[in-house]
Every structure is written in structure tokens, then in C-alpha cells.
Amino acid sequence: MKKLLIACCSIILYSNVSAQIKNPGFELKSDSLNSLPANWIIKHADEFTTSLDENIKFAGTSSFSIKSGQNINPATYSIFSQTFDTSVDQLKIITFSVYVKTENIKGTAALYCQVKDKDNRIIGTQSIDSKTVTPQNNDWNKYTISIAVNSNAKKILVGGYLIGEGAVWYDEFSMGDLPFQTAPPSNDVKQYIEEFAGIVKKYSIYTEKLNWASIEANIDKLAGGIKTIDDAQLLTAYIISELRVTGDNHSFIQSKVSAVSYAKQNADTRQPYTKLLPGNIGYIWVPGFASTSDTASAAFAGKIQKMISELDTKNDISGWIVDLRHDNGGNMHPMIAGLGPIIGNGTLGYFVSPETNKSTPWMYKDGKVTNGAATTAKVSDAYAVKNPGSKIAVLTGPETASSGEMTTICFIGKTNVKLFGQPTGGYTSANRGFKLSTGAYLYLASSYAADRNKKEYLGKIEPDVVIKEAKENGDDATIKAATDWIQSK
């Protein structure tokens, strides 16, 4: 990738777009807080500190730094960004660069951008992080990303972030246009993009909405001069952005490094927990689960079942509250296996393939989850609740996404269930994983989800009772509404 970045930097034509990033060198201080830069939006968890640094900088008088505490949750992050309007009448390549210095990085520092349409939907993303930049050292390194945009682009967001432990300094953002090259791409790049586009064309549920003639012509323009598959991310990101325009907000690419890690351990360090609420109501909080490891899956599902068993055997449970408001997805099967004692045995939902017009059921029975004929998760010594007819309140919100939504669907259609909260994230298509020749995976929206009554979902799940999230005298309004319903006759 380094070769392409060097080439890009030497031929960028810095047109008037470079003036669109305000305070690119962090020279201007915020009017309200002199320790922070003007024009940048900064969000961070309590474990991070952010500030202008006049001692460590690449150029000018200061840089912008993000520093974490020690021994923090590796999923915790700090992020800063700036958004500006853009107007493009035809396909073009925009590049973003910034100088980055790191220290004691155990997590990931990155440069990223997002492209948004007129409805403020994200239709394009690109990033580069400290794990892929070479040389790998603590000195100032130039990070550069390129992204294709067209007339659908109305806003661009650019910024950086630190996930996990370490310290990072950013300085001297720049933006420019990269002209199309006439030299042909390498054969490896041609084969790779044909492989990628072929999978999308055959299996995407949105393929009929795509203008493939236009997409292929644009790929020919964008591919000029690209020699390595690593540098072909400009092309795959462009195809994903075209899917976004059609309404596909779910498909994504998982790098080879991430795929290897995903297969070994749960990348989401949050843990489920339970408690007994007043009125003998059992409360279960379930986060996302980010792994395909059978060992991690069994441990996660087994922990939830054990907590349900302890609550149910030690108390006369009057009803259940299943809180999925922060279940942002991953692997749905251990979530379902864990909640199986409350969901109950039977068919819980379906994946509906528009390609074959067939429905594949997913089921739970006595500790085992199946998807069609395949066993996808299981726990030993499965538990069954004492009173399966008790009321079940499922809590949802905008962070209930992807597999969190599939888990929500498992409850829909049961006569003793009601959903409370806010609409879900809207990632209810089912992603199928395709291993690419690079070792990376394309997770492609290739089927619809349907509940046990075969009602299809392709968008947000609306709760039965909509609650405006607010604190009422220290009580959670959604939990209070769910509790009132459970205790009502």
C-alpha cells in the first residue's frame, strides 16, 4: 500500500477542495475551550483525554492529541471529525491525508472518512489505521486514503480516532483530487475485482437495483494504474457505496486480520448480566457477540442460560425483561442459544432468499440452535424456565442492530411478548459470508429476515410501545413501562 500512497501524494492536484477542511493544522483554538481545536467535533469516553499539544507537532504551532488511560476496555474509543458540504457532477477520486504519530499503541489509531447523500445516509466509507501503515514506528507517518464519489455525494465527514489503549497525535490534514490514470490495472487486480463484483452481482438482494453497465464502466476508470490487490480497496469500497445508494446499509468487508481474530475470540468485551427487579421481574441485559469461535459461543450462551437458571430457580419470577438496546450485532446464534430458555423451543424465524425464493428456518430446541440442517450454537445442560407463559418485555433501540435485530425477531409472534422502546437500527437483512482470495471476507446482504409467522423485515423493527428515552426521577422510562405492563392484569 505504501507505494500507492507515495504515488498519490506526488500527483494530487490541490484544487479548491483543499480549502474545505477548516483548521487542518490545528492552529486555531476553540473559543469556548482553548485546550481544544476550533472547527472539530470531539467525542470521547471518560478514559480518554484530548487536547492541543504545542510540544509535539509535525508543523506549525500545535497538533491534536488523544491519550487513553491504562488498562481500559479495548473497545472504548475517542473520535474527532469535521463535516462539510460537497457538490460533484461526475465520478471523481478524492484523497485525504494527515500526519500521525503514535506511542504505546495497543489498540488502533486511524484516519477515516464518510460520504453522505442528501438524506444524510452514509453511502461511502474509507479508512486506514496504524495496523496497516508502514513503517510501523512512533515517528510521524503520512496516512492517505482515497475514495470515489459522484453526484450522490452531498456531505463528507473526515476525522480520526483511537480505539483502545495508547496515545496518538494528528497534524496537517489535506484534501485533494486524484486524476484518473490511463495505465491498465494489473492482472491480479482485474481478477480480484471480477471475483468481488461477481459475488455481489449473483448474491446481493439489491443486485436488480444496480446499474451494472455504469458500475463496470466506472470501475474501469477507477482501476487505472492500480497494481496491487491491497490498493484495490478503492474499487471494492466503490461497489459497496453503490450498494448503499440502493438501500443496502448492512454489507461490509472484513479484513483478513479481523477475520482471523473473529474466528478465535469474542472481540466484544462486554458481558451479559441479570438482576431481579421489584415485583420478581427477571431482567437480562445482552450485548453484541463478535466471534465465530465455537468455544467462545458456548461460553457466552452458557453464561446467559446459567444466569437465567439462577434467577428462575431462586425466585418466583412474574415476568421477564430482555434488554437488547445495546445489542449491536455480530453472531446471532449464541445470543439465541443463551436466551433459549425464555424464547422457548420451535421455529423462531426464517431467512428468505430472493434468488431461490426459499425460506430457511432457524430454530431453538433444548439448548441447540439450528439454521436449516446446520447446528449453529449449543449449550450443554440446557435450562427451561418454570413458567414459560410469563410475560416477556423485549427492549429495543437504535443500537439494536443486525444480529440484535434477529434476536428481537425470535420473540415476535409469541402471544406473551411485547416490544418496548424505540425503532431498531434497520440492519435486518441477513448477511452471508464469502471468503475472498485475499483471505478477507465479504459479508453480503443476500437474504431477508422473517419472523415465525413469515412476516418479512427489511428495515427497522418498530416496537409495540414507543418510549421516548428519558430519565424519570432516576428511573429508566422504558424499563418502567415494561414493568407496568408485566404487572398489569
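Buried residues, meaning those under 20% relative accessible area with a 1.4 Å probe and protein chains only as cover, make up 53% of the 489 residues in the protein. This is a predicted model: local features need pLDDT of at least 70, side-chain atom pairs count only at pLDDT 80 or more, and totals for chains, interfaces and linings use all residues. Residues are numbered from 1 along each chain as its sequence is written, and side-chain values use heavy atoms, with hydrogens and water left out. The protein holds nine helices and 26 strands. These are DSSP runs numbered from the N terminus: helices are H or I with at least four residues, strands are E with at least two.

**Overall shape and surface**

- The radius of gyration of the protein, taken over C-alpha atoms, is 24 Å.
- That agrees with a compact globule of 489 residues, for which a value near 23 Å would be expected. The rule behind this is 2.2 Å times the number of residues to the power 0.38.
- The C-alpha trace spans about 70 × 55 × 40 Å along its principal axes.
- Accessible surface comes to about 22600 Å², by the Shrake-Rupley method with a 1.4 Å probe. Carbon and sulfur atoms own 49% of that surface.
- Among contacts with a separation of 6 or more, 73% join residues 24 or more positions apart. Contact means heavy atoms within 4.5 Å.

**Charges**

- The protein carries 50 positive and 48 negative charges. Lys and Arg count as positive, Asp and Glu as negative; His and the chain ends are not counted.
- The mean positions of the two sets are 4 Å apart. Each charge is placed at NZ of Lys, CZ of Arg, CG of Asp or CD of Glu.

**Nonpolar cores**

- A nonpolar core is a set of buried Ala, Val, Leu, Ile, Met, Phe, Trp, Tyr and Cys residues joined through side-chain atoms within 4.5 Å.
- The largest core has 42 residues. I308, L339, W362 and F411 have the most contacts inside it.
- Elements that each supply at least two residues of this core include the helices α6 (294-314), α7 (332-343) and α8 (403-411). Strands β14 (319-323), β15 (346-353), β16 (358-365), β19 (391-396) and β20 (417-421) do so too.
- Helix α7 gives the most to this core, with seven residues.
- Beyond its neighbours within four places in sequence, I308 is in contact with I284, W320, G338, L339, P341, I342, Y383 and V385.
- A second, separate core has 38 residues, among them A223, V352, A440 and Y448.

**Helices α6, α8 and α9**

- Q305 sits in helix α6. Q305 counts as buried because its relative accessibility is 4%.
- Not counting residues up to four places away in sequence, Q305 touches A337, G338, P341, Y364, G367, V379, D381, A382 and Y383.
- Helix α8 is mostly covered, with nine of its nine residues buried. Among them are E405, M406, I409, C410 and F411.
- G413 follows α8 and has a positive phi, near 105°.
- W485 belongs to helix α9 (residues 477-487). W485 has a relative accessible area of 15%, so this residue is buried.
- W485 touches K391, I392, A393, N416, V417, K418 and F420, leaving out residues up to four places away in sequence.
- W485 and G319 are 166 residues apart along the chain, yet their C-alpha atoms are separated by 9.7 Å.

**Loop residues**

- Exposed means over 50% relative accessible area, and partly exposed covers the range between buried and exposed.
- N138 lies in the loop between β7 (122-129) and β8 (141-149). At a relative accessible area of 39%, N138 is partly exposed.
- Outside four places in sequence, N138 is in contact with K101, T102, E103 and N104.
- N138 and D85 are 53 residues apart in sequence and 34 Å apart in space, C-alpha to C-alpha.
- N104 occupies the loop between β5 (92-103) and β6 (108-116). N104 counts as exposed, at 57% relative accessibility.
- Phi of N104 is positive, near 55°, in a residue other than glycine.
- K454 is found in the loop between β22 (441-451) and β23 (456-457). K454 counts as exposed, at 51% relative accessibility.
- K454 is not a glycine, but its phi is positive, at about 70°.
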